[in-house]
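Hi,

Here is the structure I said I would pass on. Have a look first, and my notes follow below.

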Amino acid sequence: MIFLKKVTNDILKQDSYFLFINSPFCGTCHVARSMLDQIESIYHEEFFYEMNASFFPEFMQEHKIESVPCLLIRKDNETKEKIYAFRSVSNIFKHLIYHEPERFIKDEE
């Protein structure tokens, strides 16, 4: 199953998104991507957009992306966080829940 939608310039104009920035030749990026795939698989929903850093040099400079992999969390037209150390699926969940609890904490009724 393929998750993570490819980013487009239209997506980058939106005021809120989760953007996974990577390089196809980066081993750590592949591990980080698999963590994001697991999150989408658990929820059966696509949350993340994927960007190949090589194709968006202006974006990289403008948003001061220091390295890959990077998960850029943008909300209300503002960069809220840039995660470089993915560590684990639960670590990523912690950041996602902090920024958008309504999407990741489901009430059981």
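To start with one residue: does K64 count as buried or exposed? At 60% relative accessibility, K64 counts as exposed (exposed is over 50% relative accessible area, buried under 20%, partly exposed in between, with a 1.4 Å probe and protein chains only).

Before the rest, a word on the source: this is a predicted model, where local features need pLDDT of at least 70, side-chain atom pairs count only at pLDDT 80 or more, and totals for chains, interfaces and linings use all residues. Residues are numbered from 1 along each chain as its sequence is written, and side-chain values use heavy atoms, leaving out hydrogens and water.

Back to K64, which sits in the loop between α3 (57-62) and β4 (70-75). Helices (H or I, at least four residues) and strands (E, at least two) are DSSP runs, numbered from the N terminus. Not counting residues up to four places away in sequence, K64 touches K82 and Y84 (contact means heavy atoms within 4.5 Å).

Now the inside. The largest nonpolar core has 18 residues, of which L36, I39, F48 and L71 touch the most other members. Such a core is a set of buried Ala, Val, Leu, Ile, Met, Phe, Trp, Tyr and Cys residues joined through side-chain atoms within 4.5 Å. β2 (17-22), α2 (27-43), β4 and α4 (89-99) each give two or more residues to this core. A second, separate core of 15 residues includes V7, Y49, M51 and A53.

As for cysteines, C26 is buried at 15% relative accessibility, and C29 is buried at 2%.

Cheers
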